[in-house]
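Colleague: I'd like to learn how to read salt bridges and burial in a model like this one. Could you walk me through it?

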Amino acid sequence: MTDLHADVTPAAPMGTLPRAPLRLSCVVPAHNEEGNLEAFLRALSQAASALTPDYEIIVVNDGSRDATHDIAMRLTRELPLRYLALSRNFGKEAALSAGIDHARGNAVLLIDADFQHPLEMLPQMCELWLAGYDMVYGVIADRAGESGAKRMGTNLFYRLMNAGNLVKIPPNAGDFRWLDRKVVDALKALPESNRFMKGLYAWVGYKTVALPFVPADRAAGASSFNFRRLSALALLGLTSFTTLPLRVWSVVGGLISLGALAYGLWITVETILFGNHLRGWPTLAASIMLFSGVQLMSIGILGEYVGRVYDEVKRRPTYLLARDEDSSPLGEKD
């Protein structure tokens, strides 16, 4: 078996925890995946059927502008597929939430439609679930194919997220996950609308284990996660799961105040000893600009947290469905 990195003590000795017969829900978020979707869904169906005859595939169309809708609609007549079309592009976090909300199996697989998550790992994930783990998640073992700037930004993000935070988010862990029903129900019970899924997976806890993997190249198309989207997701994570930015700027404000006090004492002593010859205007202008910049940045950080509160109190739904085509066999057994 591949080397595992368990976060906690296993729930039970390997192979001794009884499980109900597997009924698997596979959640596949899709945004402009016309080049991958049909081949991937057929491959996923073959892999899932090798594990259990009771499975469904839930495709969540996150506002695609290509032929994703037409392909998914056609495949509902051929595969055990439930097709959810969101009313617009709400983002991957919302698409995952929609799939989790509608999953009916006692185990739920979250997997991307671009072939980067290896289907060959599904039997091992199933084996670990049968052994007692409630969440099995993939961890990227090698980021050599990414740019140096992205690797540096990713490392910085996880360091900031886990600094002084009781809930530790595993570095390089993504949305490639196998979830037990109790984990799914816990995620569904969380009320926030600004959902940073990696943080929510860690927050709910349960018995988890990591499986390292190397992502394959996309079979077709390009990722929709550009620098702007990744930055927005990182900001969402930081403001949703840690108050570190507020603490940092509290410390910065304290240090600047101490520096200003020390400078004021120096000016006082200098004036008493040597008199005041109207010097120091450049220093005064630079100090005003420095303090103004620090204040604006502090207000901006505070505004991000206030904005999150503003979004939450409106209680808008995380997503809206435009279409729900259900040919899943699991619905007939509920």
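**Reading salt bridges and burial**

Modeller: Let's begin with one side chain: arginine 42 has a relative accessible area of 35%, so it counts as partly exposed. Keep in mind that this is a predicted model.

Colleague: Which residue does arginine 42 form a salt bridge with?

Modeller: Glutamate 38, with the closest N and O atoms 3.2 Å apart. The two sit four residues apart in helix H1, so about one helical turn separates them. Glutamate 38 is partly exposed as well, at 26% relative accessibility.

Colleague: And what does a salt bridge between distant parts of the chain look like here?

Modeller: Take aspartate 324 and arginine 82, whose closest N and O atoms are 2.7 Å apart. Aspartate 324 is in strand S9 and arginine 82 in strand S4, 242 residues away along the chain. For burial, the cut-off is under 20% relative accessible area. Arginine 82 is at 10%, so it counts as buried, while aspartate 324 is at 34% and counts as partly exposed.

Colleague: Where does arginine 104 lie, and which parts does its pair with aspartate 326 tie together?

Modeller: Arginine 104 is in the loop between helix H3 and S5, and aspartate 326 is in strand S9, so their pair ties together parts 222 residues apart in sequence. The N to O distance of this salt bridge is 3.1 Å. Arginine 104 is buried at 18%; aspartate 326, at 39%, is partly exposed. Through shared partners, Glu56, Arg82, Arg104, Asp324 and Asp326 end up in one salt-bridge network. The overall count is 13 salt bridges.

Colleague: OK, now the nonpolar side. Which residues of the largest nonpolar core touch the most other members?

Modeller: Leu24, Leu41, Leu44, Ile57, Leu109 and Trp178, out of 41 residues in that core. Helix H1 supplies the largest share, six residues. Another core of 25 residues lies apart from it, with Leu84, Ile100, Val183 and Leu200 among its members. Across the protein, 43% of the 334 residues count as buried.

Colleague: Before I lean on any of this, where is confidence lowest and where is it highest?

Modeller: Strand S1 is lowest, with a mean pLDDT of 46, and strand S5 highest, at 91. Residues 1–13 are below 50, yet that stretch still has 31 contacts in the model beyond near neighbours in sequence. Where pLDDT is low, the predicted coordinates should not be read in detail. For the protein, the average is 74, and 60% of the residues score at least 70.

Terms used. Residues numbered from 1 in each chain as written. Predicted model: local features only at pLDDT ≥ 70, side-chain atom pairs only at ≥ 80, totals over all residues. Heavy atoms only, no water. pLDDT = per-residue confidence, 0-100. Contact = heavy atoms within 4.5 Å. Buried < 20%, exposed > 50% of the residue type's maximum accessible area, 1.4 Å probe, protein only. Core = buried A, V, L, I, M, F, W, Y, C linked by side-chain atoms within 4.5 Å. Salt bridge = Lys/Arg side-chain N within 4 Å of Asp/Glu carboxyl O.
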